[in-house]
Amino acid sequence: MAQNITIAPGKIDARAVGLKESPNKIIGASIFQIPNYFVWGASVVKGDDSKYYMLFSLWESGTEGGSFVKDWVLHSKIGYAVSDYPDKGFKFRKIVLKGTRY
């Protein structure tokens, strides 16, 4: 049996940080970041426990890490995070899938 689903977009809480000091940094309640990783392509679903689960792609970054442009193809992993809200407060739990290269 089909269900009627209504999706209402909310305002994203984000702002750029001192563009001269850090041109690629964004902060805010709606921003999910993990130190030394690029985080990309997130999808959020609501679980039977009324918590929200986010699956996303991540790969190493930083001074020792790689390049966004080159590394996503060969170094991507899938991680998940959990929150009580669909748009903020996510806590990283673990990496759940790695490519065969690992």
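**Exercise 1. Describe the order of the elements along the chain and state how many helices and strands there are.**

*Solution.* Step 1: read from the N terminus, the elements follow the order β-β-β-β-α-β-β. Step 2: the chain therefore holds one helix and six strands, where helices and strands are DSSP runs. Step 3: the model is predicted, and its mean pLDDT is 81, with 74% of the residues scoring at least 70. Step 4: confidence is lowest in strand β1 (residues 15–16), with a mean of 68, and highest in strand β5 (residues 77–83), at 95.

**Exercise 2. Determine how strands β3 and β4 are arranged.**

*Solution.* Step 1: strand β3 (residues 37–46) pairs with β4 in the antiparallel sense, over eight bridges. Step 2: one bridge can be located by its residues, since Phe-38 has Trp-59 in β4 as its bridge partner. Step 3: five residues separate β3 and β4, which form a hairpin. In the turn, Ser-50 has a positive phi of about 70°.

**Exercise 3. Decide whether Ser-57 is buried or exposed, and identify its surroundings.**

*Solution.* Step 1: locate Ser-57 in strand β4 (residues 52–60). Step 2: its relative accessibility is 15%. Because buried means under 20%, Ser-57 counts as buried. Step 3: for the whole chain of 102 residues, 16% count as buried. Step 4: apart from neighbours within four places in sequence, Ser-57 is in contact with Phe-38, Val-39, Trp-40, Gly-41, Ser-76, Lys-77 and Ile-78. Step 5: the side chains of Ser-57 and Ser-76 are joined by a polar contact of 3.4 Å.

Conventions
Residues are numbered from 1 along each chain as its sequence is written. This is a predicted model: local features need pLDDT of at least 70, side-chain atom pairs count only at pLDDT 80 or more; totals for chains, interfaces and linings use all residues. Side-chain values use heavy atoms; hydrogens and water are left out. Helices (H or I, at least four residues) and strands (E, at least two) are DSSP runs, numbered from the N terminus. Buried means under 20% relative accessible area, exposed over 50%, partly exposed in between (1.4 Å probe, protein chains only). A polar contact is a pair of N or O atoms within 3.5 Å; within protein, one must be able to donate a hydrogen and the other to accept it, and residues adjacent in sequence count only if both atoms are side-chain atoms. Contact means heavy atoms within 4.5 Å. pLDDT is the predictor's confidence in each residue, from 0 to 100. Two strands pair if DSSP finds at least two bridges between them.
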